[in-house]
Amino acid sequence: MSLPNIGFIGIGLMGEAMTLRLLDLGYPVFVWNREPERLASVAAAGAIPLASPAQVARQCDVVLVCVLDDAAVDSCTRGAQGIAQAGAGTGKLVIDFSTISPRTTRELAAHALQHTGMHWMDAPVSGGPQAAREGQLTIMVGGSAEDFERARPVLQALGSQVTLMGPAGAGQTAKIINQAIVGAGFVLMSEAALLAEASGIDAAQLPACLQGGFADSVLLQKVYPRIHERRFDPPIGYARQLSKDMDAVQAFAHEADCDLPMVQQAARLFARYVEGGAAMADSASIIRLYEMGQAGRQGRSEGEGA
């Protein structure tokens, strides 16, 4: 049985890794990116560049999207050259791997179905580029059960943990909670590294020492060593992206009438880091904010004002 044509819109760190994975598995992949120079690596591997999201949607049975934020997904969908301008697409699937708000997801899903006949699934991911390259992503999915079954082969080509969480927007809601844990966790791992390094113990041995206990986690085993070693290049995720996600967590928490002081502090620290010129730095390098003394000064000034 021949594999369906796959379209991929957004060839950033994650989009590149997922596209290369699909090409390795034999899928025909047609690609578009706002900055065409980003297409060189996937084109060299066999992907076929196209001139717009609309062209991708016309050419492909399944359209995958992985772009920066709500505005970017909206532009790729309802913009002048967006998916919704592709004409009839009845029976085709859009799978959005971007991290955006559940509200925007529901709005775009309704628009795509009404104007093109395309079915929309939100499927934000966690795990980073290496996991994407190996098909080991965690994928949180929102959409109908029928569409989920149709999308399953592509989703399982990219992820080892694929879960339907509910209707449109449910995947994004799960991702918001994921990012709350990740954002606060990166800050916590930075503070743990600083404390371990200042204490005089062998800080490198901490993950092995704590393995299996209540403090153990993927963050401790995978992120802490990178922070301790200051191993941030090449980035596996940009600080600007996680900062944007933390803002989204706060907005969602406000709508849900939830007071989340740990999330609020982590969001403030990432915003400060990005504003200081670290937008394209690895998210795990947030420890540099502490090393510059900015995080400590912020905490002291807030405490004095309380």
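**Exercises on a predicted model**

C66 has 15% relative accessibility, so this cysteine counts as buried. The model is predicted.

**Exercise 1. Cysteines**

Task: Find how many disulfides the whole structure holds, and explain the result for C66.

Solution:
- Start with the cut-off: two cysteine sulfur atoms must lie within 2.5 Å.
- Take C66. The closest cysteine sulfur belongs to C76, 11 Å away, too far for a bond.
- Search the whole structure. The count is 0 disulfides.
- Now check C209 for exposure. Its relative accessibility is 60%, so C209 counts as exposed.

**Exercise 2. An aromatic pair**

Task: Classify the pairing of F8 and F97, and place both rings in the fold.

Solution:
- Search the whole structure. It yields 1 aromatic pair.
- Apply the geometry. The ring centres of F8 and F97 are 6.4 Å apart and the planes meet at 20°, so the pair is stacked.
- Locate the partners. F8 sits in strand 1 (residues 6-9), and F97 in the loop between strand 5 (93-96) and helix 5 (102-116). The pair therefore ties together parts 89 residues apart in sequence.
- Check burial. F8 is buried at 0% relative accessibility. F97 is buried too, with a relative accessible area of 2%.

**Exercise 3. Helix 10**

Task: Describe the packing and both ends of helix 10 (residues 218-228).

Solution:
- List the buried residues: L219, L220, V223, Y224, P225, R226 and I227.
- Find their partners. These residues pack against helix 8 (170-199), helix 9 (206-210) and helix 13 (287-291).
- Inspect the start. A side-chain oxygen of S217 comes within 3.3 Å of the backbone nitrogen of L219.
- Move past the end. Just after helix 10, R230 has a positive phi of about 55°.

Methods:
Residues are numbered from 1 along each chain as its sequence is written. This is a predicted model: local features need pLDDT of at least 70, side-chain atom pairs count only at pLDDT 80 or more; totals for chains, interfaces and linings use all residues. Side-chain values use heavy atoms; hydrogens and water are left out. Rings of Phe, Tyr and Trp (its six-membered ring) pair if their centres lie within 6.5 Å; planes under 30 degrees apart count as stacked, over 60 as edge-to-face and the rest as tilted. Helices (H or I, at least four residues) and strands (E, at least two) are DSSP runs, numbered from the N terminus. Buried means under 20% relative accessible area, exposed over 50%, partly exposed in between (1.4 Å probe, protein chains only). Contact means heavy atoms within 4.5 Å. A polar contact is a pair of N or O atoms within 3.5 Å; within protein, one must be able to donate a hydrogen and the other to accept it, and residues adjacent in sequence count only if both atoms are side-chain atoms.
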